[in-house]
Amino acid sequence: MDATVIKLVIMLVVAFVATLALIALEVRGKQIKPLNTGAKAVVAVIIAGLFISII
């Protein structure tokens, strides 16, 4: 893999983990709001799709 692709993969993994951590904090704190949590879930799915398309 090219160095640029490796950097992009690392950034996507970090963004994906951060998004899942934010969702987990909302669930753990019982502060679930469908609009906010749904938006974060959509972002997580988009990031996962980008990650899969790169690999």
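**Figure 1. Helix α1 from end to end.** Helix α1 runs over residues 3–28, and its 26 residues reach 37 Å from the first C-alpha to the last, close to the 38 Å expected at 1.5 Å a residue. Please keep in mind that this is a predicted model. Just beyond the helix, α1 is followed by lysine 30, whose phi is positive, near 55°.

**Figure 2. The buried residues of α1.** Five names belong in this view: Val9, Leu12, Thr19, Ile23 and Glu26 are the buried residues of α1. An α-helix has 3.6 residues a turn, so residues three or four places apart point the same way. The cover over the buried residues of α1 includes helix α2, residues 34–54.

**Figure 3. A closer look at threonine 19.** Here we zoom in on threonine 19, a residue of helix α1. With a relative accessible area of 10%, threonine 19 counts as buried, because it falls under the 20% limit. Its side chain reaches the backbone oxygen of alanine 15 at 2.8 Å. Leaving aside residues up to four places away in sequence, threonine 19 touches Lys40, Val43, Ala44 and Ile47.

**Figure 4. The salt bridge between glutamate 26 and lysine 40.** The side chains of these two residues, glutamate 26 and lysine 40, meet at 2.6 Å, N to O. Glutamate 26 belongs to helix α1 and lysine 40 to helix α2, so the pair ties together parts that are 14 residues apart in sequence. The count for the model comes to 1 salt bridge. How exposed or buried are the two partners? Glutamate 26 is buried, with a relative accessible area of 11%, while lysine 40 is partly exposed at 23%. Lysine 40 also appears in the previous view, as one of the residues that threonine 19 touches.

**Figure 5. Stepping back to the whole chain.** To place the close-ups in context, this view takes in the protein chain, whose secondary structure comes to 2 helices and 0 strands. Its radius of gyration is 13 Å, well over the 10 Å that the globule rule gives for 55 residues, so the chain is more spread out than a compact globule. Along the principal axes, the C-alpha atoms fill a box of roughly 40 × 15 × 10 Å. Buried residues make up 15% of the 55 residues. The chain exposes about 4200 Å², and carbon and sulfur atoms supply 77% of that area.

Key: Residues numbered from 1 in each chain as written. Predicted model: local features only at pLDDT ≥ 70, side-chain atom pairs only at ≥ 80, totals over all residues. Heavy atoms only, no water. Helix = DSSP H or I, 4+ residues; strand = E, 2+ residues; numbered from the N terminus. Expected span 1.5 Å × (residues − 1). Buried < 20%, exposed > 50% of the residue type's maximum accessible area, 1.4 Å probe, protein only. Contact = heavy atoms within 4.5 Å. Polar contact = N/O pair within 3.5 Å; in protein donor to acceptor, adjacent residues only side chain to side chain. Rg over C-alpha atoms; globule rule 2.2 N^0.38 Å. Areas by Shrake-Rupley, 256 points an atom, 1.4 Å probe, with all protein chains shown as cover. Salt bridge = Lys/Arg side-chain N within 4 Å of Asp/Glu carboxyl O.
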